[in-house]
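Student: I'd like a close look at one part of this model, and then a walk outward from there. Please keep it brisk.

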Amino acid sequence: MSQTQPLFDLTGHTALITGSSQGIGLALARGLAQAGAAVVLNGRDETKLKAAASALMAAVPGAKVATAAFDVTVAAEIGREVERLEADFAPIDILINNAGIQRRSPLAEMTEAQWREVLDTNLTSAFLVARAVAPRMIARKSGKIINTCSVMSEVSRPTIANYSAAKGGLKMLTRAMAVEWAKHGLQCNGLGPGYIVTELNRSLVENEDFNRWICGRTPAGRWGQPEELTGAAVFLASAASNFVNGQILYVDGGLLAAL
Ligand code: NAP
Ligand code: GCO
């Protein structure tokens, strides 16, 4: 009978996953819970979070699940909730900065609001949440920070200049975190999904031409599923990655390997 490799065992650890009321974040929370971690779900909608938490506890019997409703672009909300979690739930020793949005537009027509909302949510938020969480990790001389990047950290396509700029910046923020915090026992890395079937991409999945293009552009010939990211996340959240820092682990069906 196979036994969980102790290196990948997250028992006794607590993970805050931002943007985990649905999609990739909720899948990552489930994967970390299955590996033994206590998980904190985050989004802006308390009711939605409670429903997601109930479903997760039903799917993973015995899982310890909390919710923290805050907007990752609002420093005061972040600080309040991190304080509360550290005091009332558990020390946060795994942080996944996952919250993100898309606001597609041709660059020449992109509004300042479309630019700022995406940069605030997809990049600045990782700075704000890490700034709230990391000092305690540093004091404890250990912690894992995983930033959800994207293949758009490396390449772009028309209509997503704001998103690509944010994800490119998030790749470099990940490296900056690693460079400053590795000496304190923190490992900071990125997870880089390819094209994954979630609400964020509904319009693309339902577009026959785009669907055909992306399946042709991806060597695996298909979209990925959120659950296919959990193995990489558990690796980056566990002792198995204690000497890995500043890396972006791409889970993209081979997309970035292909011209
Ligand atoms: P999704 O299904 O739209 O989920 C986005 C999540 O982010 C939701 O839980 C949403 O919660 C939360 N969120 C949005 N704005 C927020 C805010 N200001 N404060 C707190 N939470 C916020 O999208 P997804 O595809 O799972 O994307 C998750 C992450 O993966 C994003 O960073 C995205 O860029 C990245 N990614 C996605 C793909 C893909 O192909 N899907 C590929 C690469 C990277 P509420 O709306 O309930 O607040
Ligand atoms: C798009 C998509 C992509 C994916 C993802 C790919 O409009 O091309 O939304 O940005 O979501 O980031 O890794």
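Student: Take N147: does this residue count as buried or exposed, and at what relative accessibility?

Tutor: One caution to begin with: this is a predicted model. N147 counts as buried, because its relative accessibility is 0% and the cut-off for buried is under 20%. The residue lies in strand 5. Strand 5 covers residues 143–148.

Next, the neighbours. Leaving aside residues up to four places away in sequence, N147 touches N97, A126, L170, T174, M177, N189, G190 and L191. Use the element boundaries to place some of them. Helix 5 spans 161–181, and strand 6 spans 186–193. Both give useful routes outward.

Start with helix 5. K171 is in this helix. Its side chain forms a salt bridge with E154, and the closest N and O atoms are 3.2 Å apart. E154 sits in the loop between strand 5 and helix 5, so the pair links distant parts of the chain, 17 residues apart. The two partners differ in exposure. K171 is buried, at a relative accessible area of 12%. E154 is partly exposed, at 39%.

That bridge belongs to a longer list. The count of salt bridges comes to 14. Side chains of opposite charge can pair when their charged atoms come close. Here are some further cases. E206 and R202 meet through their side chains at 3.2 Å, N to O. E206 is exposed, with a relative accessible area of 56%, while R202 is partly exposed at 41%. R212 and E208 also meet in a salt bridge, at 3.8 Å, N to O. Both lie in helix 7, residues 208–217. They are 4 residues apart, about one turn of the helix. R212 and E208 are both exposed. Salt bridges also form a network: E83, E86, R136 and R140 are linked in this way.

One charge contact involves a ring instead. The charged end of K64 sits over the ring of F89, 4.8 Å from the ring centre.

Now the aromatic pairs. A search of the whole structure finds 5 of them. One is F8 with F235, a tilted pair at 6.4 Å centre to centre, with 40° between the planes. F8 lies in the segment before strand 1 (14–17) and F235 in helix 8 (residues 230–237), so this pair ties together parts that are 227 residues apart in sequence. Both rings are partly exposed: F8 has a relative accessible area of 30%, and F235 has 24%.

Another tilted pair is Y195 with F210, 5.8 Å centre to centre and 50° between the planes. Y195 is in the loop between strand 6 and helix 6 (202–205). F210 is in helix 7, 15 residues from Y195, so the pair links distant parts of the chain. Y195 and F210 are both buried. Ring pairs extend this into a cluster of Y195, F210, W213 and W223.

Y195 also leads to a ligand. A polar side-chain atom of Y195 lies 2.6 Å from an oxygen atom of ligand 2. In total, 14 residues surround ligand 2, and the closest are R104, R157, Y163, Y195 and N201. Two of the arginines have polar distances to report. An N or O atom in the side chain of R104 is 2.7 Å from an oxygen atom of ligand 2. For R157, the corresponding side-chain distance is 2.6 Å.

Finally, ligand 1. There are 31 residues around ligand 1, and S21, R44, N98, Y163 and T198 come nearest. Y163 is also listed among the closest residues to ligand 2. Three polar distances add detail at ligand 1. The side chain of T198 places an N or O atom 2.5 Å from a ligand 1 oxygen. For the side chain of K167, the distance to a ligand 1 oxygen is 2.9 Å. G194 takes part through its backbone: a polar backbone atom is 3.3 Å from an oxygen atom of ligand 1.

To return to the starting point: N147 is buried at 0% relative accessibility, and its contacts include L170, T174 and N189.

Conventions: Residues numbered from 1 in each chain as written. Chains lettered and ligands numbered in written order. Predicted model: local features only at pLDDT ≥ 70, side-chain atom pairs only at ≥ 80, totals over all residues. Heavy atoms only, no water. Salt bridge = Lys/Arg side-chain N within 4 Å of Asp/Glu carboxyl O. Helix = DSSP H or I, 4+ residues; strand = E, 2+ residues; numbered from the N terminus. Buried < 20%, exposed > 50% of the residue type's maximum accessible area, 1.4 Å probe, protein only. Phe/Tyr/Trp six-rings, centres within 6.5 Å; stacked < 30°, edge-to-face > 60°. Lys NZ or Arg CZ within 6 Å of the ring centre and 35° of its normal. Contact = heavy atoms within 4.5 Å. Near = heavy atom within 4 Å. Polar contact = N/O pair within 3.5 Å; in protein donor to acceptor, adjacent residues only side chain to side chain.
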